[in-house]
Amino acid sequence: MAASKPVEPQSAAGLPRWQLALLVGTPIVLGVGAVYLWNRNRSKKDRKGKGNGERKTPEGSASPVQGQDGQARANRELENMTPLDRAQGAKNKGNKYFKAGKYDLAIHCYTEAISLCPTEQKTDLSTFYQNRAAAYEQQMKWTEVVQDCCQAVEMNPRYVKALFRRAKALERLDNKKECLEDVTAVCILESFQNQQSMLLADKVLKSLGKEKAKDKYKNREPLMPSPQFIKSYFSSFTDDIISQPLQKGEKKDEDKDKEGEAAEVTASSGYLKAKQYMEEENYDKIISECTKEIDSAGRYTTEALILRATFYLLIGNANAAQPDLDRVINTQDANVKLRANALIKRGSMYMQQQQPMLSTQDFNMAAEIDSHNADVYHHRGQLKILLDQVEEAVGDFDECILLRPDSALAQAQKCFALYRQQYTGNNPYQMQTAMDCFEDVIRRFPKCAEGYALYAQALTDQQQFGKADEMYDKCIELEPDNATTYVHKGLLQLQWKQDVDLGLELISKAIEIDNKCDFAYETMGTIEVQRGNLDKAIDMFNKAINLAKSEMEMAHLYSLCDAAYAQTEVARKYGLKPPTL
């Protein structure tokens, strides 16, 4: 799709990317384009055991049921009990009521246990408070749950049950920030082995990220991407009229022969000025010139609408882009290639907004109205990869190649789709066939940097690190100003040689080349978390947030930033610092 990043195979564990800002001190598997940590398979037994156990029951066993004959003996024993013994007895009685679902009686017993327990017995007291919180939880009295868990944690700061119970109650009270801090502490204390706490952390981080991104994205200042990004974006189209150089008859008057076709087009055309600015890479003036063409109802109004919409999308203003795209799509007598181009771009926009059904509809409509447009199949193929419809993606790339046999980008994307297909099926023979496909593409299209980049990703997945490094070197040779390639190569050094210094050096080079490369800031932030440099990590994530090109991307980055910030708070409050690189 337009302006989309290459899609990478997921790790077997399928961990959310927020864990990049949390999981440290575990086996690191750094993939290309994203850092994957802790690729661990769990058995069903593990999932049914400690990892997924629901924390509902209080601690301590219930007292056995006594008959009348034993009551007198029990009374005599009670007289000889210490205060702590009596407190334990009250707790055990409370546990019996808890298991019977008599929560008010259980709460009464736990309260008695708290009042009987000597104040110096902090471990026991924390258990009694935690047990009473468990009973309040069953009654959905979330404020009381939080209060009792606070008492328990104050006496026992690393009390996992109390921390997690408080986290759940805080979520119910919509206190996401403190909930995140508690569940972060739980994840660290349990070495990220409990699926229940991991899922809660993921849920809260996503919710926080969406809330913050919605507010931030709505009020953000539009930001033009780097020239390299813009050129890369337009290079993914071959049937895009607006991205083609000015044709004869479109040049400004001063650029033509005096005997030329000056009468055909006047120099006052805003669209033609915008096209000239595109050739000069003077991108900041394009939207205003297109607006002049549209407001004057000029000859190139439809083209100006698409060009303006395209740059609105590039600066992250989808709300402004959509009316322009809608207008072109609904203009029945417009050039069919312009309408198809508008559908491709609106479809890509919908996918960024996580509306795959609307996205698919637009791509299908584009294929219906312009069935010989190679761009439709190329970008729809990328959509299908994102939707894990890999077989259909291969079919679309085949159609694109049939229409444009010289499209090296489509050839490379097809190889990647085949690789994804075989990667999922885990068939060694077919996997080698996919790798051979990459070899064929780079042989036939030695100037296609994308072919080397995608091949390098596949090689990295197969742990053929040396050859992957060679492929990235080829990319840099062909496109020395492509910052993303330096980030990929830096990540490879971390996975291959565990060379953090070289990895950071390459990522710093990427930022030097393109200081608007959000991927570089995000990756550096992730690595700094692993090194324990949390303040620097948060700074990197915030820089990436300011450069995010969509609300969805911004929400993801906020999740990483919030995860890192929560870790700083956990370290401050509880002294919990996971191992670092």
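Me: Is Y419 buried or exposed?
Reply: Happy to start there, keeping in mind that this is a predicted model. Buried means under 20% relative accessible area. Y419 has 0% relative accessibility, so Y419 counts as buried.

Me: And Y423, is that residue buried, exposed or partly exposed?
Reply: The relative accessible area of Y423 is 28%. Partly exposed is the class between under 20%, which is buried, and over 50%, which is exposed. Y423 is therefore partly exposed.

Me: What kind of aromatic pair do Y419 and Y423 form?
Reply: The two ring centres are 5.6 Å apart, and the planes of Y419 and Y423 meet at 50°. Planes under 30 degrees apart count as stacked and over 60 as edge-to-face, with the rest as tilted. The pair of Y419 and Y423 is tilted.

Me: Why are Y419 and Y423 separated by about one helical turn?
Reply: Both tyrosines belong to helix α19. Y419 and Y423 are about one helical turn apart because their separation in that helix is 4 residues.

Me: How are the ring planes of F416 and Y419 arranged: stacked, edge-to-face or tilted?
Reply: F416 and Y419 both lie in helix α19, 3 residues apart. Their ring centres are 6.5 Å apart. The planes of F416 and Y419 stand at 35°, so this pair is tilted.

Me: Which cysteine forms a disulfide with C415?
Reply: A disulfide needs cysteine sulfur atoms within 2.5 Å. The sulfur atom of C415 has a partner sulfur at 2.3 Å. That partner lies in helix α20 (residues 428-444), 22 residues from C415 in helix α19. The cysteine is C437.

Me: Is the link of C415 and C437 left-handed or right-handed?
Reply: Both cysteines of this link, C415 and C437, are buried. The angle about their S-S bond is -70°. The link is left-handed.

Me: Which cysteine sulfur is nearest to that of C149, and is C149 in a disulfide or in no disulfide?
Reply: C149 is buried, at 0% relative accessibility. The nearest cysteine sulfur is 7.3 Å away, whereas a disulfide needs sulfur atoms within 2.5 Å. C149 is in no disulfide, and that nearest sulfur belongs to C150.

Me: Over which ring does the charged end of K345 sit?
Reply: The charged end of K345 is 5.1 Å from the centre of a ring. The residue carrying that ring belongs to one aromatic cluster, formed by Y233, F234, F237, Y283 and F311. The ring is that of F237.

Methods: Residues numbered from 1 in each chain as written. Predicted model: local features only at pLDDT ≥ 70, side-chain atom pairs only at ≥ 80, totals over all residues. Heavy atoms only, no water. Phe/Tyr/Trp six-rings, centres within 6.5 Å; stacked < 30°, edge-to-face > 60°. Helix = DSSP H or I, 4+ residues; strand = E, 2+ residues; numbered from the N terminus. Buried < 20%, exposed > 50% of the residue type's maximum accessible area, 1.4 Å probe, protein only. Lys NZ or Arg CZ within 6 Å of the ring centre and 35° of its normal.
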